[in-house]
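Me: I've got a protein open here and want to get my bearings. Can we go through it together?

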Amino acid sequence: MKRQYSKIFLCSLLLVGFFCWCVELSAAGQCTAPPSTPLKLTILSQRNDTGHWTATIKLNHESSYNYAGPFELDVEHSTVNCIDSEAVYIETTVRAPPTQPQPGDGYEQLLPPGLGLYKFHKALDTWYNAEMICVKEGGHLLVLSSDKEFAVLKKKWDESGVGGTYLHIGINDFDKEGTFVTVTGDPINKTGYVKWLPGEPNSGNTANCGAVTREGNYVDSGCSNRFSFFCKK
């Protein structure tokens, strides 16, 4: 900060809610986040016995909110002397993880918290309809991220009694033939799980959607093919 003030300005940015609040306080005061938010941020700045300015920051969030990861708090604290005055600056940024969806409406937590909730749709449907169903439920077609995830979901698939060789998955090459991306717009090589069946993808413009076999291999698939599918939140 280049401008000088005799008071401290605290601005905390909560990413999960995309909002910012600013609170003005004196050099020896305290600040608490508005009670309408799930966060409580307290700051105390004072001069210690050696003459140095120190800042104590405390961050609490309500236990009723289920976040998929820890909160992060970055604090910058500095002082500027100008003739016979001293300005104290404290700037803090709060990074909150996304909230973890709660089980319900057929969704289950099949893997450790933070990895998502899953719902298996036994009824056969097209790729387009499957993705629309998942979106309406607040999720998207399954995008695999690990061998462990596939193993857990395959067990659920096998136990369901649903036959067939394939499941729809949330990948496609609508924009560029042969370049598959996820329904969330990410290249599939960033998902952590890419296992094409040997020779796949191989069907050109006639198969722009993705499916996975019971062995965990990807194939390009006609979007009008009717398979069961997992939705993921």
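Me: Which residues do ring pairs link into a cluster?
Reply: Phe150, Phe180, Tyr193, Trp196 and Tyr218. Keep in mind that this is a predicted model.

Me: Take Tyr193 and Tyr218. Are they buried or exposed?
Reply: Both are buried.

Me: And how far apart are the centres of their rings?
Reply: The centres are 5.7 Å apart. The planes sit at 55 degrees, so the pair counts as tilted.

Me: Where in the chain are these two?
Reply: Tyr193 is in the loop between β10 and β11, and Tyr218 is in strand β12. They are 25 residues apart, so the pair links distant parts of the chain.

Me: How many aromatic pairs are there in the whole structure?
Reply: A search finds nine. One of them joins Tyr128 and Phe174, and that pair is stacked. Their centres are 6.0 Å apart, with 15 degrees between the planes.

Me: Why does that pair tie together separate parts?
Reply: Because Tyr128 lies in helix α1 and Phe174 in the loop between β9 and β10, 46 residues apart in sequence.

Me: How accessible is Tyr128?
Reply: Tyr128 is partly exposed, at 43% relative accessibility. Phe174 is partly exposed too, with 38%.

Me: New topic. How many residues does the largest nonpolar core have?
Reply: It has 18. Leu144, Val212, Tyr218 and Phe230 have the most contacts inside it. β7, α2 and β9 each supply at least two of its residues.

Me: What does Phe230 touch?
Reply: Its contacts include Tyr118, Phe120, Leu153, Trp157 and Leu167. That leaves aside residues up to four places away in sequence.

Me: Trp157 again. Which residue lies over its face?
Reply: Arg214, at 4.1 Å from the ring centre. In a similar way, Lys233 lies over the face of Tyr107, at 4.4 Å from the ring centre.

Me: Now the strands. How many bridges join β5 to β6?
Reply: There are 11, and the two strands run antiparallel. One bridge pairs Asp74 with Thr93 in β6.

Me: What do β5 and β6 form?
Reply: A hairpin, with two residues between the strands. Ile83 in the turn has a positive phi of about 55 degrees.

Me: Last one. What does the secondary structure come to overall?
Reply: Two helices and 13 strands. The protein has 233 residues, and 37% of them are buried.

Definitions and conventions
Residues are numbered from 1 along each chain as its sequence is written. This is a predicted model: local features need pLDDT of at least 70, side-chain atom pairs count only at pLDDT 80 or more; totals for chains, interfaces and linings use all residues. Side-chain values use heavy atoms; hydrogens and water are left out. A nonpolar core is a set of buried Ala, Val, Leu, Ile, Met, Phe, Trp, Tyr and Cys residues joined through side-chain atoms within 4.5 Å. Buried means under 20% relative accessible area, exposed over 50%, partly exposed in between (1.4 Å probe, protein chains only). Helices (H or I, at least four residues) and strands (E, at least two) are DSSP runs, numbered from the N terminus. Contact means heavy atoms within 4.5 Å. Two strands pair if DSSP finds at least two bridges between them. Rings of Phe, Tyr and Trp (its six-membered ring) pair if their centres lie within 6.5 Å; planes under 30 degrees apart count as stacked, over 60 as edge-to-face and the rest as tilted. A charge sits over a ring if NZ of Lys or CZ of Arg is within 6 Å of the ring centre and within 35 degrees of the ring normal.
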